[in-house]
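I set out to record, entry by entry, what I looked up in this structure. The entries run from cores and sheets to open and enclosed spaces, and then to backbone geometry.

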Amino acid sequence: MAKQAEPKLAASPADLEQYYREMLLIRHFEEKCNFAYRQGKAGGYLHVYIGMEPLCVAWLNAIRKGYDYVITAYRDHGHALILGSDPVSVMAEIMGRSGGLSRGKGGSMHLYDLKHQLYGGWGIVGGHTALGGGLALAAKYRGEDRVTLCYLGDGAANAGVFFETLNMCGLWDLPIIFIIENNEFAMGTRLEYHAADPELWKRGVPFGMKSERIDGMDVLSMKAEADRIVDYVRREQKPAFVEVMTYRFAGHGSADNDRQLYRTKEEEAHAMLRDPIKLLEQYMRDHQIMTDEKMEAIEEDIIKEVDHIYEQADASPLPGAEEVYQNVYSDMEPERGH
Amino acid sequence: MAANTLTYRDTIRQTLIEELDRDENVFLIGEDIGRYQGTFRVTAGLFDRYGARRVVDTPITEPAIVGFATGAAMTGLRPVVEMMTMSFSILALDQIINHAAKIHYMTGGQMSVPIVIRGPGGAANQLSAQHSHSMEGWYAHVPGLKVVAPSTPECAKGLLKRAIRDNDPVIFTENPGLYGVKGDVPEDPDFTIPFGVARIAKEGKDVSLIAYSRMVHVCLAAAEALAKDGIDVEVVDVRCLLPLDTETIYSSVRKTHRAVVVYEDWRSGGFGAEIASRVSEDCFDDLDAPVLRVGGLNTPMPYTRVLELECIPNERDVVAAVQKL
């Protein structure tokens, strides 16, 4: 929560502007990633966070950035940007360049930034949740008060290893928050076709976790919830489980060209009525925090910034062929290929 | 060098104690390793000695055990995971192969995974089809992992210390038939053996037997039998499958001109096939005969002892192979 906010405001004007800028940054950065993909400058699988921006902005501003641990799945660009990773390095990684966070060896799905305690960036649905448990175990082992944020999608909430992880985190009282990004679809399979009980928040209950469902489109209400839950986990040294109701406006990935296979245009249009950026704009308008002109100017700024990020990333050279053998091991090269 | 005579089992236990004492970042995690004292008693007494923080009993959920250990290792801790048997590591293949092994690479070197996964691998005594796997060849296929399979207490100490101090994920396989084997073990608490260095277990000039783990002992027994026929056998103890010390293997073959690779894993597609292939590729001009393989039968492991023994390579199988050369 804002420190000196007026009683009626959910956040100080400065914080509101910051959240606005950050959500716009994710939105336009992701649009630029799609552009890069269409240009053939990004390949593989590319999953964007459009519509889900508040999940990064609210939670990552509720933790101690660079101290608390963050781990997520493959829809990970926003996490890196909001944690403070160099956006040019993020874009360069997505474009497979030597200036990327992992020098082009990770790609869009595998963003890591040790400096900002971002532990990926993972492509096996549900697989990373156990690593998240391990991060929390490490914090507890060392007697630190770090909190781990472990994001996962609604599809991952069915994975066996996730239940194993919940059990161990509950059993050992680990300081971790599982954030279910429930965007209603496991790729192209709707929640009601993949989950025996679509109220995913209940899945934390059997493991003794504080479990709840919150709105994911209103960044301000989610920020308040995130502050409360992060504080609880840090203070009580217990896990928490949060189902965040969101919606991805884009397809599952860049290769998802026909969203109407699994959802109607009417449904999309309905969901977009609660576009999180529009909601925040409306809030700032209603509370006379910012004029429409100022908002437009900020968005222009962000668009220019993202253009600049893209140009700089595009100027980064491709890695040299000799790098293929580097970083397989920390102290040796693998057997050379034939 | 001062040495004690210890069993393979006690050597591993003693090595774990030394490393737990040396480095606060080292901890043990696995099923029934604490209160129950370990299924094969390798961790006997350690829970009482170090407590639940450093000797962590887990639920029977191998993927999460390895995943938690990997996550903790990414922050710099050095977990030593016990697989109750390496056969159970099959459940955790996704965490081992698709997570732990790739992290250093996918992060562009930003993060390392100093984790050891150790436990009994291979057939014990009538544990039948689901508990008798030799997994080391599967893991030695994976870039990013290091794989060791020591045959003696001394090698177990030196390689386990090296594994715990290593910054990459290491698979450390202990054939259950070795736990009772005794040998001299250096007392030096910093005694380590580098990875990728094979050992000549017995010198000879007529044929090279190339093996690791318990099969080294089978080869040594075969060598004794063959000596009676005047065949002087050299036994190469590979010790470390990945990285593989091809130079020691090749020098032996260049001396003897004949090679038999012996491994307990299924014969087809096992790691012995990789060794045989490399020897054939790189020592072709030195060979007087094709490289032969003695491996486990290509069947699930049967329960009844008489059939189980059919499946596991023995001294007679090795002698027969050498006599074919």
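The entries below concern a predicted model.

**Entry 1: nonpolar cores**

I began with the nonpolar cores. The largest comprises 92 residues, and those with the most contacts inside it are Phe178(A), Ile210(B), Ile249(B) and Val279(B). I then listed the surroundings of Val279(B), leaving aside neighbours within four places in sequence. Val279(B) is in contact with Ile210(B) and Ile249(B), and also with Tyr250(B), Val253(B), Phe284(B), Leu287(B) and Val291(B). I also noted a second, separate core of 67 residues, which includes Leu16(A), Ile63(A), Leu83(A) and Val219(A).

**Entry 2: strand E10 of chain B**

Since Ile210(B) appears among the residues with the most contacts in the largest core, I looked up its strand. E10(B) covers residues 207–211, and 5 of its 5 residues are buried. Which residues of E10(B) point one way, and which the other? Val207(B), Leu209(B) and Ala211(B) point one way, whereas Ser208(B) and Ile210(B) point the other. In a regular strand, side chains alternate between the two faces of the sheet. In E10(B), the residues pointing either way are all buried. I next checked the pairing: E10(B) runs parallel to strand E11 (residues 233–237) of chain B, with 5 bridges between them. Opposite Ile210(B), in E11(B), stands Val236(B).

**Entry 3: the seven-stranded sheet of chain B**

I traced an open sheet of 7 strands in chain B, ordered E3-E2-E4-E5-E7-E6-E12, with mixed pairing. Its edges are strand E3 (55–57) and strand E12 (240–242) of chain B, each of which pairs on one side only. From one strand to the next, the twist averages 20°.

Within this sheet I examined one pair. Strand E4 (residues 78–82) and strand E5 (residues 116–120) of chain B are parallel and share 3 bridges. Glu82(B) has Arg118(B) in E5(B) as its bridge partner.

I then looked up two helices that pack on the sheet. Helix H1 (residues 8–22) of chain B touches strand E2 (26–30), E4, E5 and strand E7 (170–174) of chain B, and its direction makes about 130° with that of E2(B). Helix H7 (residues 153–165) of chain B touches E2, E4, E5, strand E6 (146–148) and E7 of chain B, and its direction makes about 155° with that of E7(B).

**Entry 4: the largest pocket**

I turned to open space. The largest pocket holds about 620 Å³. How many residues line the largest pocket? The lining has 29 residues, with Ala140(B), His141(B), Phe271(B), Glu274(B) and Arg278(B) nearest the centre. At least two lining residues are supplied by each of helix H6 (136–139), E12, strand E13 (259–266) and helix H10 (271–282) of chain B. The most comes from H10(B), with 6 residues.

**Entry 5: cavities**

I counted 4 cavities of 30 Å³ or more in the structure. The space in the largest cavity is about 150 Å³. Its lining has 13 residues, and the closest to the centre are Ser132(B), His133(B), Trp266(B), Thr299(B) and Met301(B). E13(B) contributes the largest share of this lining, 3 residues.

**Entry 6: backbone exceptions**

Finally, I looked for departures from the usual backbone pattern. Most residues other than glycine have a negative phi, and most peptide bonds are trans.

I recorded two cis peptide bonds, beginning with chain A. The bond from Gly120(A) to Gly121(A) is cis, with omega near 0°, and Gly121(A) sits in the loop between helix H4 (87–94) and helix H5 (127–141) of chain A. The bond from Leu242(B) to Pro243(B) is likewise cis, with omega near 0°. Pro243(B) belongs to the loop between E12 and helix H9 (246–256) of chain B.

I also noted positive phi values outside glycine. Gln237(A) has a phi of about 55° and lies in the loop between helix H8 (219–236) and strand E7 (240–245) of chain A. Is Gln237(A) buried or exposed? With a relative accessible area of 24%, Gln237(A) is partly exposed. Asp32(B) has a phi near 60° and lies in the loop between E2 and helix H2 (46–50) of chain B. Asp32(B) is partly exposed, at a relative accessible area of 32%.

Conventions: Residues numbered from 1 in each chain as written. Chains lettered and ligands numbered in written order. Predicted model: local features only at pLDDT ≥ 70, side-chain atom pairs only at ≥ 80, totals over all residues. Heavy atoms only, no water. Core = buried A, V, L, I, M, F, W, Y, C linked by side-chain atoms within 4.5 Å. Buried < 20%, exposed > 50% of the residue type's maximum accessible area, 1.4 Å probe, protein only. Contact = heavy atoms within 4.5 Å. Pairing = 2+ DSSP bridges. Helix = DSSP H or I, 4+ residues; strand = E, 2+ residues; numbered from the N terminus. Axes fitted to C-alpha atoms, helices over the stretch in contact; angles between N-to-C directions. 1 Å grid on protein atoms, 1.4 Å probe; cavity = no way out; pocket = protein on both sides within 12 Å on 5 of 7 lines; lining within 4 Å. Points joined across faces, edges and corners; volume = space filled by probe spheres on them.
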